[in-house]
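Open the model in your viewer and keep the selection panel handy. We will go from one stop to the next, picking residues and looking at what surrounds them.

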Amino acid sequence: MHWLEQKEINHISQIDTHHFYNYYEYLRARENKRDGGGLSNNYLNKHLEGLKRFMDYLRQMGGFELPYFEQRIEETDQKPKTILTVAEIEELYLTAERMGKEVKAR
């Protein structure tokens, strides 16, 4: 909404599909204010999901005839998850218990 207000769009009836595309392009070009560089693909995908839900809301509640926002999801840098075996989990519990006893003994 803040971005829309900066573009002098102050009423929901002024929103058109091109505003969604322009906002998404703004996000893709925006600098990450905390870490530097650009916004992460995961962050962009969350915004993309929010934009699509907002458009759906406008269609359902306001009767707006907006074309669907077709933007492909950004590729994410997901690292493979390491799944521990039952034996590894038991070993972790035993190690934590042993370390807890050592701390109490000091």
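Start by selecting Phe20, which is buried, with a relative accessible area of 3%. Buried here means under 20% relative accessible area, exposed means over 50%, and partly exposed is in between (1.4 Å probe, protein chains only). Before going further, note that this is a predicted model, in which local features need pLDDT of at least 70 and side-chain atom pairs count only at pLDDT 80 or more, while totals for chains, interfaces and linings use all residues. Residues are numbered from 1 along each chain as its sequence is written, and side-chain values use heavy atoms, with hydrogens and water left out.

Now add Phe54 to the selection; at 21% relative accessibility, Phe54 counts as partly exposed. How do the rings of Phe20 and Phe54 sit relative to each other? Their centres are 6.1 Å apart and their planes are at 50 degrees, so the pair is tilted. The rule is that rings of Phe, Tyr and Trp (its six-membered ring) pair if their centres lie within 6.5 Å; planes under 30 degrees apart count as stacked, over 60 as edge-to-face and the rest as tilted. The pair links distant parts of the chain, with Phe20 in helix 2 and Phe54 in helix 3, 34 residues apart. By this rule the count comes to four aromatic pairs. For another view of ring pairing, select Trp3, Tyr23 and Tyr26, which ring pairs link into a cluster.

Keep Trp3 and Tyr23 shown, and add Met1, His2 and Leu4: of the 18 residues that line the largest pocket, these five lie nearest its centre. Helix 1 (2-6), helix 2 (17-29) and helix 3 (41-62) are the elements that give two or more residues to this lining. The largest pocket has a volume of about 360 Å³. A pocket is found on a 1 Å grid over the protein atoms alone, with a 1.4 Å probe, as an open set of points with protein on both sides within 12 Å along at least five of seven lines; lining residues have an atom within 4 Å of a point. The volume is the space filled by probe spheres set on the points, which are joined across faces, edges and corners.

Next, follow the backbone to the loop between helix 1 and helix 2, where you will find Glu8. Glu8 is exposed, with a relative accessible area of 64%, and its phi is near 60 degrees, a positive value in a residue other than glycine. Most residues other than glycine have a negative phi. His11 is found in that loop between helix 1 and helix 2 too, and is partly exposed at 48%. Draw a distance from His11 to Ala29: their C-alpha atoms are separated by 26 Å.

Then jump to Asn45 in helix 3, which counts as buried at 13% relative accessibility. Leaving aside residues up to four places away in sequence, Asn45 touches Ile73, Glu74 and Thr76, where contact means heavy atoms within 4.5 Å.

Finally, zoom out. The protein chain has four helices and zero strands; these are DSSP runs, numbered from the N terminus (helices H or I, at least four residues; strands E, at least two). The C-alpha atoms fill a box of roughly 70 × 30 × 25 Å, taken along the principal axes. Buried residues make up 22% of the 106 residues in the protein chain.
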